[in-house]
Amino acid sequence: MGFLLEVFRDALSALSGGLGGDLGSVVWLTSWIAFVATGISVLIGVPLGTTLGLSEFRGKRATTVLVNTGMGLPPVLAGLVLLLLLWRGGPFGAWGILFTPAAMVLAQAMLAIPIAVGLTASAISGLPLAAKEQLAAFQLSPWNRGAVAVREVWPAVGGAVAAAFGRVISEVGAVLIVGGNIRGETRVLTTAIVQETRQAQFGQALAFGFVLLGMALVVNAGITWLQFKDAAR
Amino acid sequence: MVAAGTTLVDSGLMDALADQYESANPGVEVSVVGEASAQVLELGRRGAADVLVTHAPALEELFLADGLAEFSEIAITSDFVLVGPPGLEDRLTGTIEEVLIEIAAAGLQFVSRADGSGTNEREILFWEAAGIDPSGEPWYRETGQGMGLTLLVADQRSAVTLSERGSFVAVADRLGLAPLDVSPSADLANPYRVTLVVGSSDAASDFARWLIDQAPNVLPDLNRALFGEDDLYRAAG
């Protein structure tokens, strides 16, 4: 017990040291990478998921299986594949973005898009048959039809956004591989936790963990608030 | 359990040594963990590892002074090399301090382990000897990671880094990094210390002894098999 208390005290004193120095840059980088990656995955994933949920086509079941597998894509594998693609001399090496935040955004989007697609599709598929028939009866463009459908099941789509964000912010395997944990450039909360733990700086590691948890809490509280606000209307 | 510096693990030598020992002693299993030397010694302090292989003299001295070693000997030596993008070897020459001064003056990208490893300890000493404090400089990057990943970052970001030679040679043919032309010096020697933690088992003691005693016999073959070089890792003494 003494050991745990000591680590906990170290964590608190690291936190009360304020957001100065490393912690500030790590939190800032973590936030914007996570928001951009979540944004990309929502912009791509929700329309795709809506299309998948509304349309009937040959191979829909196979597509769903693929999407669901993508939801469980191992992050280290995504990281490795992206590293090979972005490696100098590789197909996208000319971009020169390996070991930069851009590569980390790509890695996270790669992991979060299937989640946004899969959860949106399953929410849309859950629409009552009558609602679907009604939607089809309106002379709407596919885009507007999708927008109406998403509004119908908004709380569940909000859940998809929250899950995509959760995947992005908690991920460490891929961002370590394609980011490199460079101080002040590509070090985010999760990779910092790995590093501090390996260096036996348990208090500092736990402090980063608290901040990570706090960020997840704030973002999810925001999404939940939006879900309920609309559901009550 | 054996804990060793990441350079020896990333170069493949530690696993090769463990394999050799296991085949000579059927039924014995050696578990190798690769961590920076500071963590290796910390594992020893906490009793989580029995045999420590480290290359951080300043930290080792503290460990020995605390009476935590049953026995401890320098067993293996290799070298440190500065490696960087090709072309630099013609521009930068001289002692390691002179080359570091030129790197700083030109603002060339440099990647540091910054992880409490033996390599990192030595890098800091070299900067001090050169009279330069690189921390916070825009050309100075810190990965906080092991040797292998740091070499990948240096390669892709066209930067210079200090590496243990075996770890570099192990990945050299897949990377575009080349050794810089640093004049040979005793300062570049990289001695690995084998330490048996007090209170360890007889089996652990036997392995530590084997490492120290058998290094001269097994290293030449391993050098050729793993690196195609005769004298990369040498027995100390």
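**Notes on chain B and the side that touches chain A**

1. A good place to start is strand 4: Ile74(B) sits across from Arg193(B), a residue of strand 11 of chain B. Please keep in mind that this is a predicted model. The two strands, residues 69-84 and residues 189-197, run antiparallel and are joined by 9 bridges.

2. Strand 4 of chain B has further partners. With strand 8 (residues 160-164) it shares 4 bridges, again antiparallel, and here Leu82(B) has Leu162(B) as its bridge partner.

3. Two short pairings are worth a look as well. Strand 12 (residues 234-235) pairs with strand 4 of chain B in the antiparallel sense over 2 bridges, with Thr77(B) opposite Arg234(B). Strand 9 (residues 178-179) also runs antiparallel to strand 4 of chain B, through 2 bridges; there Gly84(B) faces Ala178(B).

4. Stepping back to the whole chain, chain B contains 10 helices and 12 strands. Its radius of gyration is 18 Å, in agreement with the value near 18 Å for a compact globule of 237 residues. Along the principal axes, the C-alpha atoms occupy a box of roughly 55 × 40 × 30 Å.

5. On packing, 49% of the 237 residues in chain B are buried. Of the contacts in chain B between residues at least 6 apart in sequence, 76% link residues at least 24 apart.

6. Finally, the contact between the chains: chain B gives 16 residues and chain A gives 12 residues. On the chain B side, helix 3 (37-45), strand 7 (140-142) and helix 8 (147-156) each contribute at least two residues. That side of chain B comprises 4 nonpolar, 6 polar and 6 charged residues.

Technical notes. Residues are numbered from 1 along each chain as its sequence is written. Chains are lettered from A and ligands numbered from 1 in the order in which they are written. This is a predicted model: local features need pLDDT of at least 70, side-chain atom pairs count only at pLDDT 80 or more; totals for chains, interfaces and linings use all residues. Two residues are in contact if their C-beta atoms, placed from the backbone, lie within 7 Å. Ala, Val, Leu, Ile, Met, Phe, Trp, Tyr, Cys and Pro count as nonpolar, Asp, Glu, Lys and Arg as charged, and the others, Gly among them, as polar. The radius of gyration is taken over C-alpha atoms; the globule rule is 2.2 Å times the number of residues to the power 0.38. A residue is buried if 20 or more other C-beta atoms lie within 10 Å of its own, exposed if 12 or fewer, and partly exposed in between; C-beta atoms are placed from the backbone. Two strands pair if DSSP finds at least two bridges between them.
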